[in-house]
Amino acid sequence: MYGVTADLGFPHTPRMAIKAAHYLTPVTPDCGLTMFLPRSHRLTDEPIVPAGAIDPPGAVTPDITGTDAVLFENRTWHTGGINLSGWPRIALMLQYGYRWLHPVDDPATELRADPALTAIEQQLLGLPDRHPDGSLAKGSGAAPMRSWWQSGPSVAHCR
(Lines give C-alpha, C1' and ligand atoms only; values in the text may rest on other atoms or scores of the structure.)
Protein backbone atom coordinates (compact mmCIF):
# COMPACT_ATOMS: atom_id res chain seq x y z
CA MET A 1 0.00 0.00 0.00
CA TYR A 2 3.08 2.18 -0.05
CA GLY A 3 2.26 5.44 -1.80
CA VAL A 4 -1.54 5.03 -1.88
CA THR A 5 -2.13 8.04 0.35
CA ALA A 6 0.36 10.12 -1.64
CA ASP A 7 -1.43 9.13 -4.86
CA LEU A 8 -5.03 9.48 -3.67
CA GLY A 9 -4.71 11.91 -0.76
CA PHE A 10 -5.83 11.36 2.83
CA PRO A 11 -9.54 12.00 2.25
CA HIS A 12 -9.70 9.48 -0.58
CA THR A 13 -7.60 6.62 0.79
CA PRO A 14 -9.87 3.59 1.27
CA ARG A 15 -9.61 0.82 3.82
CA MET A 16 -7.59 -1.76 1.93
CA ALA A 17 -6.31 -4.07 4.63
CA ILE A 18 -6.42 -5.02 8.27
CA LYS A 19 -3.15 -5.76 10.04
CA ALA A 20 -2.60 -7.97 13.04
CA ALA A 21 0.46 -7.34 15.17
CA HIS A 22 1.02 -10.41 17.31
CA TYR A 23 3.76 -9.96 19.87
CA LEU A 24 5.95 -13.01 20.25
CA THR A 25 7.99 -11.64 23.13
CA PRO A 26 6.38 -10.50 26.37
CA VAL A 27 5.06 -6.94 26.31
CA THR A 28 6.57 -4.70 28.98
CA PRO A 29 6.06 -0.95 29.52
CA ASP A 30 9.52 -0.17 28.14
CA CYS A 31 9.67 -2.62 25.19
CA GLY A 32 8.94 -0.13 22.41
CA LEU A 33 5.44 -1.33 21.67
CA THR A 34 3.77 -0.06 18.49
CA MET A 35 2.03 3.27 19.09
CA PHE A 36 -1.26 4.32 17.49
CA LEU A 37 -3.18 7.55 16.96
CA PRO A 38 -6.80 6.78 17.84
CA ARG A 39 -9.35 7.68 15.14
CA SER A 40 -6.56 8.55 12.68
CA HIS A 41 -8.24 6.31 10.09
CA ARG A 42 -10.87 9.05 9.80
CA LEU A 43 -8.49 11.97 9.27
CA THR A 44 -8.70 14.01 6.09
CA ASP A 45 -5.18 15.43 6.52
CA GLU A 46 -1.86 13.97 7.61
CA PRO A 47 -1.41 14.03 11.41
CA ILE A 48 0.66 17.02 12.52
CA VAL A 49 3.72 16.45 14.68
CA PRO A 50 4.53 19.67 16.53
CA ALA A 51 8.08 21.07 16.32
CA GLY A 52 10.28 19.33 18.87
CA ALA A 53 7.93 16.35 19.21
CA ILE A 54 8.33 12.92 17.65
CA ASP A 55 4.69 11.83 17.67
CA PRO A 56 1.38 13.59 16.99
CA PRO A 57 -0.66 14.69 20.02
CA GLY A 58 -2.90 11.91 21.26
CA ALA A 59 -0.66 9.01 20.15
CA VAL A 60 -0.97 6.13 22.59
CA THR A 61 0.56 2.80 23.38
CA PRO A 62 -2.12 0.09 23.67
CA ASP A 63 -2.73 -1.31 27.13
CA ILE A 64 -1.86 -4.91 26.36
CA THR A 65 0.12 -7.54 28.23
CA GLY A 66 1.80 -10.88 27.68
CA THR A 67 1.87 -11.82 24.01
CA ASP A 68 -1.38 -10.12 22.93
CA ALA A 69 -2.26 -9.07 19.40
CA VAL A 70 -3.40 -5.69 18.10
CA LEU A 71 -5.65 -5.25 15.04
CA PHE A 72 -5.62 -2.05 12.98
CA GLU A 73 -6.42 -0.94 9.45
CA ASN A 74 -4.10 0.56 6.83
CA ARG A 75 -5.21 4.16 7.42
CA THR A 76 -4.39 4.07 11.14
CA TRP A 77 -1.29 6.09 12.03
CA HIS A 78 1.17 3.80 13.78
CA THR A 79 4.85 3.70 14.59
CA GLY A 80 7.27 1.64 16.64
CA GLY A 81 7.90 2.97 20.12
CA ILE A 82 11.40 3.36 21.52
CA ASN A 83 12.62 0.09 23.00
CA LEU A 84 14.41 0.83 26.28
CA SER A 85 14.08 -2.70 27.70
CA GLY A 86 17.46 -4.00 26.57
CA TRP A 87 15.72 -6.96 24.92
CA PRO A 88 14.52 -7.35 21.32
CA ARG A 89 10.80 -6.82 20.75
CA ILE A 90 9.64 -9.40 18.27
CA ALA A 91 6.27 -9.20 16.55
CA LEU A 92 4.63 -11.02 13.70
CA MET A 93 2.81 -8.53 11.45
CA LEU A 94 0.14 -10.14 9.28
CA GLN A 95 -1.78 -8.18 6.70
CA TYR A 96 -5.19 -9.28 5.49
CA GLY A 97 -6.22 -7.42 2.38
CA TYR A 98 -6.72 -7.61 -1.34
CA ARG A 99 -4.34 -10.13 -2.88
CA TRP A 100 -3.20 -7.61 -5.45
CA LEU A 101 -1.59 -5.47 -2.76
CA HIS A 102 2.14 -5.74 -3.21
CA PRO A 103 4.33 -5.86 -0.09
CA VAL A 104 6.65 -2.91 0.51
CA ASP A 105 9.25 -5.06 2.18
CA ASP A 106 10.12 -8.48 0.86
CA PRO A 107 12.01 -10.50 3.48
CA ALA A 108 11.32 -13.90 1.87
CA THR A 109 13.21 -13.41 -1.43
CA GLU A 110 15.81 -16.11 -0.70
CA LEU A 111 13.19 -18.50 0.67
CA ARG A 112 11.02 -18.24 -2.45
CA ALA A 113 13.99 -19.24 -4.62
CA ASP A 114 14.06 -22.70 -3.01
CA PRO A 115 13.09 -25.16 -5.80
CA ALA A 116 11.74 -27.61 -3.21
CA LEU A 117 8.84 -25.30 -2.28
CA THR A 118 5.34 -26.32 -3.29
CA ALA A 119 3.13 -23.85 -5.15
CA ILE A 120 1.17 -23.21 -1.95
CA GLU A 121 4.35 -22.52 0.02
CA GLN A 122 5.49 -20.10 -2.69
CA GLN A 123 2.11 -18.34 -2.55
CA LEU A 124 2.24 -18.07 1.25
CA LEU A 125 5.72 -16.54 0.98
CA GLY A 126 4.38 -13.86 -1.34
CA LEU A 127 5.18 -15.16 -4.81
CA PRO A 128 4.28 -12.23 -7.06
CA ASP A 129 0.96 -12.62 -8.82
CA ARG A 130 2.24 -11.00 -12.00
CA HIS A 131 2.75 -11.71 -15.69
CA PRO A 132 6.32 -11.28 -17.05
CA ASP A 133 5.39 -7.75 -18.20
CA GLY A 134 4.49 -6.83 -14.58
CA SER A 135 0.72 -6.72 -15.09
CA LEU A 136 -1.58 -8.35 -12.54
CA ALA A 137 -2.36 -12.01 -13.31
CA LYS A 138 -6.04 -11.61 -12.47
CA GLY A 139 -7.58 -14.69 -10.99
CA SER A 140 -4.51 -16.90 -11.22
CA GLY A 141 -2.60 -15.80 -8.12
CA ALA A 142 -4.79 -17.67 -5.68
CA ALA A 143 -4.86 -20.79 -7.86
CA PRO A 144 -2.59 -22.97 -5.66
CA MET A 145 -4.57 -22.24 -2.48
CA ARG A 146 -7.94 -22.39 -4.28
CA SER A 147 -7.07 -25.78 -5.81
CA TRP A 148 -5.92 -27.11 -2.45
CA TRP A 149 -9.10 -25.88 -0.75
CA GLN A 150 -11.43 -27.26 -3.42
CA SER A 151 -9.78 -30.67 -3.25
CA GLY A 152 -10.41 -30.84 0.50
CA PRO A 153 -7.62 -29.57 2.77
CA SER A 154 -5.56 -32.32 4.25
CA VAL A 155 -2.15 -32.78 5.76
CA ALA A 156 -1.12 -34.70 2.64
CA HIS A 157 -0.72 -31.37 0.79
CA CYS A 158 1.81 -30.12 3.33
CA ARG A 159 5.27 -31.35 4.12
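Start from one residue: Ala 20 has Leu 71 as its bridge partner in strand 3. The model is predicted, so to speak, with its own ground rules: local features need pLDDT of at least 70, side-chain atom pairs count only at pLDDT 80 or more, and totals for chains, interfaces and linings use all residues. Residues are numbered from 1 along each chain as its sequence is written, and side-chain values use heavy atoms, with hydrogens and water left out.

**Exercise 1: the sheet around Ala 20**

Find the bridge partner of Ala 20 in strand 5, then work out in which order the strands of the open sheet stand.

*Solution.*
- Step 1. Look across to strand 5: there, Ala 20 has Leu 94 as its bridge partner.
- Step 2. Check the pairings (two strands pair if DSSP finds at least two bridges between them). Strand 1 and strand 5 are antiparallel, with seven bridges, while strand 1 and strand 3, also antiparallel, are joined by five bridges.
- Step 3. Put it together: three strands make an open sheet with antiparallel pairing, in the order 3-1-5. Strand 3 and strand 5 are at the edges with a single partner strand each, so each has one side without a neighbour in the sheet.
- Step 4. Add the turn: ignoring direction, neighbouring strands of this sheet are turned against each other by 20 degrees on average. Here axes are lines fitted to C-alpha atoms (for helices over the stretch in contact), and angles run from 0 to 180 degrees between N-to-C directions.

**Exercise 2: the whole chain**

How many helices and strands does the protein have, and in what order do the elements run?

*Solution.*
- Step 1. Count the elements: there are four helices and five strands. Helices (H or I, at least four residues) and strands (E, at least two) are DSSP runs, numbered from the N terminus.
- Step 2. Read from the N terminus on: α-β-β-β-β-β-α-α-α.
- Step 3. See how much is covered: 24% of the 159 residues count as buried. Buried is under 20% relative accessible area, exposed is over 50%, and partly exposed is in between (1.4 Å probe, protein chains only).
- Step 4. Look at contacts (heavy atoms within 4.5 Å): of those between residues at least 6 apart in sequence, 71% join residues at least 24 apart.

**Exercise 3: a set of charged partners**

Which residues are linked in a network of salt bridges, and is Glu 73 buried or exposed?

*Solution.*
- Step 1. Know what to look for: a side-chain nitrogen of Lys or Arg within 4 Å of a carboxyl oxygen of Asp or Glu makes a salt bridge. The structure holds two.
- Step 2. Take Glu 73 and Arg 15, whose closest N and O atoms are 3.2 Å apart. This pair links distant parts of the chain, 58 residues apart: Glu 73 is in strand 3, and Arg 15 is in the loop between helix 1 (4-8) and strand 1.
- Step 3. Take Arg 75 and Glu 73, which meet at 2.6 Å, N to O. The network is therefore Arg 15, Glu 73 and Arg 75.
- Step 4. Compare cover: Glu 73 counts as buried at 9% relative accessibility, Arg 75 as partly exposed at 25%, and Arg 15 as exposed at 51%.

**Exercise 4: two loop residues**

Where does Arg 39 lie, and which residues does Thr 76 contact, leaving aside neighbours within four places in sequence?

*Solution.*
- Step 1. Place Arg 39: it lies in the loop between strand 2 (35-36) and strand 3 (69-73), and counts as exposed at 61% relative accessibility.
- Step 2. Check its backbone. Most residues other than glycine have a negative phi. Arg 39 is not a glycine, yet has a positive phi of about 65 degrees.
- Step 3. Place Thr 76: it lies in the loop between strand 3 and strand 4 (78-79), and at 13% relative accessibility it is buried.
- Step 4. List the contacts of Thr 76: Phe 36, Leu 37, Ser 40 and His 41.
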